[in-house]
Amino acid sequence: MPKQVFFATLGTETNSFSPIPAGWNVWRDTLLRRRSDGRAPADRNQHHLAPLWTLSEQRGWTLTPGLQAFAAPSGITPAPVWASLRDELLADLAAAEPADAVLLHLHGAMIADGCVDCEGQLLAAVRNQVGPNVPIGALLDLHCHLTPAMVEHADLLFGYREYPHVDTFTRLAELLTALIDTAQGRIHPRMALADCALVGMFPTTPPAMAALVDRFRAASRAPGMVDVWLGHGFPWGDVPDLGMRVLAIADGDSGQARRWALDLASECFDLRETIAGFPATLEAALDAAAAEPHGTVVIADTADNTGGGAPGDSTFFLRALLDRGLDAAALGPLYDPGAVRICQDAGLGARLSLRLGGKLAPESGSPVDVRVEVIGLADRLLQTLNAAPANLGACAGVRVLLDGDRPGPAVVLASRRIQAGSPELFTGLGIEPGAQRLLVVKSTQHFHAGFAPLASRILYAGEPGALAGDPRRIPYRHAPRAALWPLASAARPRGLLT
Ligand SMILES: [Zn+2]
């Protein structure tokens, strides 16, 4: 009988300060496929997962999917939702037993009401269920809080290397290979975790971070090493394990894993002034865009990135575009399901008054009352986000009409809270991104993969809005402030954590 690897997905990125809890609808709107649906929770027809099946078969293994659940970044997951999802995954695992290996796609920054380390708790429960001899591998988002509990209860922890996360499913396949190697006794992973004493957001597209990613890739290929990667941490997760950390995995030699983890953690700390960037203000970003002589300037509205748990309906940029009278400009996605419905009812070409955004939280600013023309409608608008399709739900494209009905900026209104991923977000509603002088996208970095090819310049704006771009302005209560740069200028790496 072929060996069996059980595969499940469970995760979300929790912003402790977000006003929107990760309740059931957030999971349903993002990814919730379960055994009880009467179909396989995952299958090889899903383009991004197909390599897992191919790989398993090449090794003579079968892949048995269980619960597939992911929630777009939001606030705390309510306790009953977390307990239900966790127990469902464990029940799926029990139904698949005897599993010979367990492959989990988690996030690493999930917080539930009453649990600050959901992944650590889940891995402990899985270990308890399968016993010490079945290898457990988990893939984490690089925006994770790597904890000693996760390291203790898993055999292999892999993370994405790239931000934007263009390598998510490549890394999942690499992890599956290492997991089967472990189950077959070809490798004997030994993990070590070291602290870098840094907090912030670190896109991997600028040269210094791109070089660091290469450095980790090279370290992973060093003799005797299985993998080495960098957990960036997630600044809006207010947890005791906040911060950048290095996870090194050696083959059979714990000392070697510890040496690599320590060395690379201090290298990262030494680069802190180079790799930490703080986004500009909205006004400064708009001034810089106006000074750009030609092409399409893309401004990331990072402060309202739903991918970091922000509401997604802030109006600060829209207000500023109107105040400046900008016309060859487009903005999106602005989360406003009510406005989408009104546009759908009115129909394509309709002109009407509309109240846009500013509805979910004080951090969203005030609603903006405008006259618009409906220029595009879609029942289900798809874009690409992190190498996978992502659904913006029913959407409407509107052109704001300025004084005297002069055409102003175009706005993409979405009925799902999701960040900008690719230009289809505009083209799907008849808005040509390359024809704009300015595109404002609500995203921190994931937009980069899709929009860089058409941008003459990319700018990042960090305020105003829900996600303060500078971690020194985040009102932490549980994070170790004194141990993290730049919160404390004297902070230094604390060395090995496991
Ligand atoms: Zn991430």
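In the predicted model described here, P486 is placed in the loop between β20 (457–463) and β21 (495–496). The peptide bond that joins W485 to P486 is cis, with omega at about 10°. A cis peptide bond is also found from Y163 to P164, where omega is near 20°, and P164 belongs to the loop between β6 and α6 (168–183). The strands and helices that border these two loops recur in the sheets and helix pairs described below.

Strand β21, which follows the loop of P486, belongs to an open sheet of four strands that has the order β8-β9-β7-β21 and antiparallel pairing. The edges of this sheet are formed by β8 (225–231) and β21, each of which pairs on one side only. Between β8 and strand β9 (residues 245–251) the antiparallel pairing comprises six bridges, and within this pairing W229 has L247 of β9 as its bridge partner. Helix α8 (residues 254–270) lies across β7 (189–195), β8, β9 and β21, and its direction makes an angle of about 30° with β7.

Strand β6, which precedes the loop of P164, is part of another open sheet, in which six strands are arranged in the order β2-β3-β1-β4-β5-β6 with mixed pairing. Here the edge strands are β2 (31–33) and β6 (156–159), each pairing on one side only. On average, neighbouring strands of this sheet are turned by 20° against each other, when direction is ignored. At the β2 edge, three bridges join β2 to strand β3 (residues 61–74) in the antiparallel sense, and L32 stands opposite A69 of β3. Helix α2 (residues 50–58) packs on this sheet, where it touches β1 (3–14) and β3, and its direction makes about 155° with that of β3. Helix α4, in turn, lies across β1, β4 (101–105) and β5 (136–140), and runs at about 160° to β5.

Both of these helices also pack against other helices. Two packed helices are described by the angle between their axes and the distance between the axes. For α2 and α6, the axes come within 9 Å and cross at roughly 20°; because an angle under 35 degrees counts as roughly parallel, α2 and α6 are therefore described as roughly parallel to each other. The crossing of α2 with α6 is right-handed. On the α2 side the contact is made by P51, L52 and L55, and on the α6 side by F169, L172, A173, L176 and T177. By residue type, this contact of α2 with α6 consists of seven nonpolar residues, one polar residue and no charged residue.

Helix α4 (residues 118–130) is paired with helix α3 (residues 79–96), with axes that come within 11 Å and cross at roughly 30°. By the criterion of an angle under 35 degrees, α3 and α4 are therefore also roughly parallel to each other, and the crossing of α3 and α4 is right-handed. The residues that make the contact are W82, R86, L90, L93 and A94 from α3, together with C118, L122, A125, V126 and Q129 from α4. The contact of α3 with α4 divides into eight nonpolar residues, one polar residue and one charged residue.

Further along the chain, strand β14 (residues 368–378) pairs with two strands. With strand β13 (residues 351–356), β14 forms an antiparallel pairing over six bridges, in which V372 of β14 is the bridge partner of L352. With strand β17 (residues 395–402), β14 is again paired in the antiparallel sense, over seven bridges, and R371 stands opposite L401 of β17.

Between β14 and β17 in the numbering, two residues with unusual backbone angles may be considered together. N386 is found in the loop between β15 (382–385) and β16 (388–391), and A387 is found in the loop between β15 and β16 as well. Phi of N386 is near 55°, a positive value in a residue other than glycine, while A387, which is not a glycine either, has a positive phi of about 70°. As regards burial, N386 has 20 other C-beta atoms within 10 Å and is therefore buried, since a count of 20 or more meets the cut-off. A387, by contrast, has 17 C-beta neighbours inside 10 Å and so counts as partly exposed.

Note on methods: Residues are numbered from 1 along each chain as its sequence is written. This is a predicted model: local features need pLDDT of at least 70, side-chain atom pairs count only at pLDDT 80 or more; totals for chains, interfaces and linings use all residues. Axes are lines fitted to C-alpha atoms, for helices over the stretch in contact, and angles run from 0 to 180 degrees between N-to-C directions. Angles under 35 degrees count as roughly parallel, over 145 as roughly antiparallel, 65 to 115 as roughly perpendicular and the rest as oblique. A crossing is left-handed if the near helix is turned anticlockwise from the far one by less than a right angle, and right-handed if clockwise. Two residues are in contact if their C-beta atoms, placed from the backbone, lie within 7 Å. Ala, Val, Leu, Ile, Met, Phe, Trp, Tyr, Cys and Pro count as nonpolar, Asp, Glu, Lys and Arg as charged, and the others, Gly among them, as polar. Two strands pair if DSSP finds at least two bridges between them. A residue is buried if 20 or more other C-beta atoms lie within 10 Å of its own, exposed if 12 or fewer, and partly exposed in between; C-beta atoms are placed from the backbone.
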